[in-house]
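Here are my notes on the model, set out as numbered points. Please read them with the structure open.

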Amino acid sequence: RPPPSDDIRDVRESLPISRYRDEIIQTIKDPRIPVVIVSAATGSGKTTQIPQFVYEAGIASASKRVACTQPRRVAAMSVAMRVDKEAHATNPGLPKLVSGYTIRFEDHTSDDTAIQFLTDGMLIRQMLSDPRLSSFSVLMIDEAHERTLQTDILFAMVKQLLLARNDPASPWYDPFTVVISSATLERLKFRDFFRMKLGDTTFEPPILEVPGRRFPVSIYYSVDPVRGYVPAAVLTILQVHFTQGPGDILVFLTGQEEIEDAQRQLREQHDTAVRNGLECAEEEMAEIIIVPLYASLPRAQQMDVFAPTPRHARKIVLSTNIAETSLTIDNIVYVVDSGYVKMKDFDEDTGAEALQIVPISKASAEQRAGRAGRVAPGHCFRLYTADAFKRELPESTKPEIQRTKLDSPLLMLKSIGIDNPFGTDLDFLDCPAPEQVRLAAGGLLTLGALQVSAVDTAAVMRRTMVTEMGKLVAQLPMEPAMGVALYAGQQHGCLREMLSVVAMLSADWDPFFKPRTKQGQREAATAHEGFVSQEGDHLTLLSLFNAWSSVPDAQRDQWCHDNFVHARAMQRAADIRVQLMNMLGSAEPVSCALGDGTIPAEPVLRALCQGFFMNTASYVGGPYRLVRPPLDVRVHPSSKFARPPPGGKMPGFVLFHQVVKTRCVYIKTVSKIEKAWVEDLLQRYGKIALDMM
Ligand code: ADP
Ligand code: MG
């Protein structure tokens, strides 16, 4: 191996994909090849290099960009910034932001941007305003093997678009090329999917295999089943650190909380061990550097992951699934794999979609292990038994399209004129179950985003059309229920308030900071009390947002610190709110605030009910019972209603934002409502569901 170089041009040259540059460019330029599949191991340079090759070859420009989609926001941001840096290092004369990114609620591109990284969801949204994607000459669908809902939809839409834009006889003729990049197995499936008739010939996408360097990785299983994988991970990390030779450690956990927890335990136990005189086998490994990596990590910290590890130090990266294939961290020699991932899934018990911690697939386990073998022979420690690997891990993960709610894509696709998207009008890699589609259509009909056209009430599924309101809601980058709630805010005279509530919910970030110490927790609880609304958590979010907004900019950080509030969560909500205002084009949103500034709860909660009528539950003494399916659930400890109010009783009927399933099923972000507010909607839903049987 050549010695590592800090010069970016050398680093670029040394990536496995660089030897294939000419071949890749020739293939993309070939007008007979509209789709090419590039298959290479993670870390080969697919994401960072291919878009640059395209740009450097003059196939993309600011007016005909190369787009590269990512399933994850963090990856889109991180990679865009990396590529911008590389591009300028290679050619200092380039305009600023020659490589930019677009993610939900955030656009970091300019008129000079020629290389655009964006989440696959944002590329789909782009089709709302530019159905031919005419501003792009090359689309790279990256991380296709992840099979997210959005990636699968993109596949379907791009196939349709190819037939239109690449057929000389079509009025849309304006050829473009699709590059599909995948780290793993599914390349044959992708090839079959894009085998199609173009003109009078049958086209089949070529597969470009880029051999990567790979070192062998030794796998170690735990002998006995592990009770808690966080402490087990911490123990394993320390064992590796104190007994093994140089090389950084990558640890796979499932989410921010777990990672913060592990970080704390690791720090404490490491320091205790050192105090007790424990030393590393290798003297030079005196220091540990712990870097967390998860989606909502602040941008600056995200970049820490890529900082080269100083000599005498060992870097320990505590990561979510992001590091499985989306981001490559150099110099990893050891991998610690919890065997779990946090995933959105239809829950069999609740019938709702919930974030759950589930076992990874065998394919994922192999990917994770592979991360250890990029620079030298590696070691992977699996925190599960060999038997569990064999018996409990599924071969591969079911594609998201088969385990998720489809109301949002159904509304979006219908609103761009694809009448029966999950039926006859689009071709998918894997089709969703008819039941999923019915559920989505039923939900949208009840919300009023779809309506049954008068012609044929019997075959509801095939005869729905998007309402005026549905068209507006489809424009908003959020689930339809949320969009409808926002729209209802206008009608209930509380758009100003709803914008804040929706922004806080969309930020998807618990704004209340929880200190670790008992003393700190008491202080935080006292500070938070001032924001708590008697009506419940939605209004609490609103009063927090209003309080924060009334503080002058310069004092906000201090204010957040004093009130145990996450400053970044608030700023994010405020940013989202501005974006939403722009989208709605509403200069002065109506407000329901009374003369003295107080905000009545009813209009706000009623507006929320218009969208989230299905997310309701009634009190059955002890637990709450969901209206549908009739399952008993508890109120999440973070909610005001986790305990009965002192001297008071629990609200009889509640609206909630989310179902969370850990050891038991919880409802999260809970507010008190009147059953009468949702009864009509529930009845209507029941009737529509019946009609569709
Ligand atoms: P692939 O897409 O094939 O998995 P990438 O293009 O993501 O590969 O990565 C190629 C190389 O670029 C890797 O060595 C990776 O570590 C490096 N790299 C990617 N992003 C950054 C970054 N933000 N900072 C430093 N190096 C990076
Ligand atoms: Mg990549």
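1. Helix α3 gives the largest share of the shell around ligand 1, namely 4 residues. The model is a predicted one, and that applies to every point below. In total, 16 residues surround ligand 1. Lys46, Thr47, Thr48, Arg82 and Phe306 are the closest of them. Helix α4 also takes part: α3 and α4 each contribute at least two residues to the shell.

2. What is the make-up of the shell around ligand 1 by class? There are 9 polar residues, 4 nonpolar and 3 charged.

3. The two helices just named also pack on each other. α3 covers residues 46-56 and α4 covers residues 73-90; their axes lie 10 Å apart, at an angle of about 50°. That angle makes α3 oblique to α4. The crossing of α3 past α4 is right-handed. On the α3 side the contact consists of Thr47, Thr48, Pro51 and Gln52, and on the α4 side of Val79, Arg82, Val83, Glu86 and Ala87. By class, the contact of α3 with α4 has 4 nonpolar, 3 polar and 2 charged residues. Thr47, Thr48 and Arg82 are in this contact, and Thr47, Thr48 and Arg82 are also among the closest residues to ligand 1.

4. Next, the mixed sheet. An open sheet of 8 strands runs in the order β4-β3-β5-β2-β6-β7-β1-β10, with mixed pairing. The edges are taken by β4 (106-108) and β10 (207-210), each with a single partner strand, so one side of each has no neighbour in the sheet. From one strand to the next, the twist averages 20°. At the β4 edge, β3 (residues 99-103) runs antiparallel to β4 and is joined to β4 by 3 bridges. Tyr101 is placed opposite His108 in β4.

5. Which strands of the mixed sheet does helix α5 touch? Helix α5 (residues 120-129) packs on the sheet against β2 (65-70), β3 and β5 (115-119). The direction of α5 makes about 105° with that of β5.

6. One backbone value should be checked between β6 (136-141) and α6 (149-165): the loop there holds Arg147. Arg147 has a phi near 55°, which is positive although the residue is not glycine. Most residues other than glycine have a negative phi.

7. The parallel sheet comes next. This open sheet has 6 strands in the order β11-β18-β15-β12-β14-β13, and the pairing is parallel. Its edge strands, β11 (217-221) and β13 (287-293), each pair on one side only. The twist averages 20° from one strand to the next. Within the sheet, β15 (residues 332-337) and β18 (residues 378-382) pair in the parallel sense over 4 bridges. Val336 stands opposite Phe381 in β18. Helix α9 (residues 256-275) packs on this sheet and touches β13 and β14 (313-319); the direction of α9 makes about 170° with that of β13.

8. A further helix pair is α21 (residues 537-549) and α24 (residues 601-612). The axes of α21 and α24 come within 10 Å and cross at roughly 115°, and the crossing is right-handed. His538, Leu539 and Leu542 in α21 meet Ala601, Val604, Leu605 and Leu608 in α24. This contact has 6 nonpolar residues and 1 polar residue, with no charged ones.

9. Strand β21 (residues 616-619) has antiparallel links to two strands described here. With β24 (residues 653-661), β21 is joined by 3 bridges, and Ser618 has Phe653 in β24 as its bridge partner. With β22 (residues 624-626), β21 is again joined antiparallel by 3 bridges; here Ala617 stands opposite Leu626. The hairpin of β21 and β22 has 4 residues between the strands, and Gly621 there takes a positive phi near 75°.

10. Is the peptide bond from Arg628 to Pro629 cis or trans? The bond is cis, with omega near -10°. Pro629 is in the loop between β22 and β23 (632-635). Most peptide bonds are trans.

Key. Residues are numbered from 1 along each chain as its sequence is written. Chains are lettered from A and ligands numbered from 1 in the order in which they are written. This is a predicted model: local features need pLDDT of at least 70, side-chain atom pairs count only at pLDDT 80 or more; totals for chains, interfaces and linings use all residues. Axes are lines fitted to C-alpha atoms, for helices over the stretch in contact, and angles run from 0 to 180 degrees between N-to-C directions. Angles under 35 degrees count as roughly parallel, over 145 as roughly antiparallel, 65 to 115 as roughly perpendicular and the rest as oblique. A crossing is left-handed if the near helix is turned anticlockwise from the far one by less than a right angle, and right-handed if clockwise. Two residues are in contact if their C-beta atoms, placed from the backbone, lie within 7 Å. Ala, Val, Leu, Ile, Met, Phe, Trp, Tyr, Cys and Pro count as nonpolar, Asp, Glu, Lys and Arg as charged, and the others, Gly among them, as polar. A residue is near a molecule or strand if its C-beta atom, placed from the backbone, lies within 6 Å of it. Two strands pair if DSSP finds at least two bridges between them.
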